[in-house]
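Please look at the sequence and the three-dimensional structure below, and take a moment to turn the chain around before reading on. The paragraphs after it are meant to guide your eye from the whole to some of its parts.

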Amino acid sequence: MPRFRALKNDIRNWLRREDWSPARPLPPELAPDTPADSRQVDPVSLIGPLFACLPEGQPLTGRAAAAMGGVLAVLRRERPEDAKNVIRRFMWHMNEESGNIGWGIPEAFGEALAQSRPLADDFYRVLFSYVRAKEGDNTWCDYAPLRLSCYRAVERVMQARPDLRHEALCILHNAKDDPDPACRELARELFEAYRSAPGETAKNTFA
């Protein structure tokens, strides 16, 4: 427990720095991409402290999510099942049966898929499902403030994974019926922004 508290404090203080940068999301001594024989901590030990930072609110939420994505990218290369288990933990936090509101979870989910192609291949449809309303059983996020974060997470994946844009754009197009005005507007903005992105046109988006 003391080690967890120390890591959490060190990470939180780093994320609060005015000179924080996505290029150095964690302190150098905690960087997960350090060669294994030079690491001071196991990347798995960073997961808990980063989870604790996700609900802090911006800018810490986004910074913790970016750092989490980097940790998971390394874990997916070195210990794939450990990385997948963290993604399953994201999914549990997004499940209403967990009793939680998953503040920061969509951001971390999106960053993980943006920074790891294998994780994107395995889980992008799960992330997209949080903004896909359909009949019958589904995993649509019915809490509008959290759903806004889900739309942003989908955008992060579209930025990093252009080959997944077509499916995301179809979902965003259908989100014109989202019951929340802010979500509808964000979905419209994202659709308009990405429909004409390289490789996408209004003509081929729904081909």
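What follows moves from the overall build of the chain to its interior and then to its surface.

It should be said at the start that this is a predicted model, and that the values below were computed from it. The secondary structure of the protein chain consists of nine helices and zero strands, so that, if you follow the chain from the N terminus on, the elements read α-α-α-α-α-α-α-α-α. The radius of gyration of the protein chain is 17 Å, which is close to the 17 Å given by the globule rule for 207 residues, and the chain is therefore as compact as a globular protein of that length. Along its principal axes, the C-alpha trace spans about 50 × 35 × 35 Å.

How much of the chain is buried? Of the 207 residues in the protein chain, 47% are buried. Contacts across the sequence add to this picture, for among the contacts with a separation of 6 or more, 62% are between residues 24 or more positions apart.

We can now turn to the interior, where the largest nonpolar core has 62 residues, and where Leu 72 and Phe 90 touch the most other members. Helix α3, which covers residues 60–78, provides the largest share of this core, namely nine residues. Which residues does Phe 90 touch, if those up to four places away in sequence are not counted? They are Phe 51, Met 68, Leu 72, Ile 105, Ala 108, Phe 109 and Ala 112, and Leu 72 in this list is the residue that was named together with Phe 90 above.

Moving outwards, the accessible surface of the protein chain comes to about 10400 Å², and 50% of it belongs to carbon and sulfur atoms. On this surface, Ile 101, Trp 103 and Tyr 143 make a nonpolar patch of about 290 Å². Tyr 143 is found in the loop between α6 (117–129) and α7 (144–160). Because its relative accessible area is 37%, which lies between the limits of 20% and 50%, Tyr 143 counts as partly exposed.

A last residue to find is Arg 188, which is part of helix α9, residues 181–195. Arg 188 has a relative accessible area of 43%, and so it too is described as partly exposed. If you look from Arg 188 to Ala 120, you compare two residues that are 68 residues apart along the chain, and their C-alpha atoms are separated by 24 Å.

Notes:
Residues numbered from 1 in each chain as written. Predicted model: local features only at pLDDT ≥ 70, side-chain atom pairs only at ≥ 80, totals over all residues. Heavy atoms only, no water. Core = buried A, V, L, I, M, F, W, Y, C linked by side-chain atoms within 4.5 Å. Buried < 20%, exposed > 50% of the residue type's maximum accessible area, 1.4 Å probe, protein only. Helix = DSSP H or I, 4+ residues; strand = E, 2+ residues; numbered from the N terminus. Contact = heavy atoms within 4.5 Å. Patch = residues over 30% accessible without salt bridge, like charges linked within 9 Å, V, L, I, M, F, W, Y side chains within 5 Å. Areas by Shrake-Rupley, 256 points an atom, 1.4 Å probe, with all protein chains shown as cover. Salt bridge = Lys/Arg side-chain N within 4 Å of Asp/Glu carboxyl O. Rg over C-alpha atoms; globule rule 2.2 N^0.38 Å.
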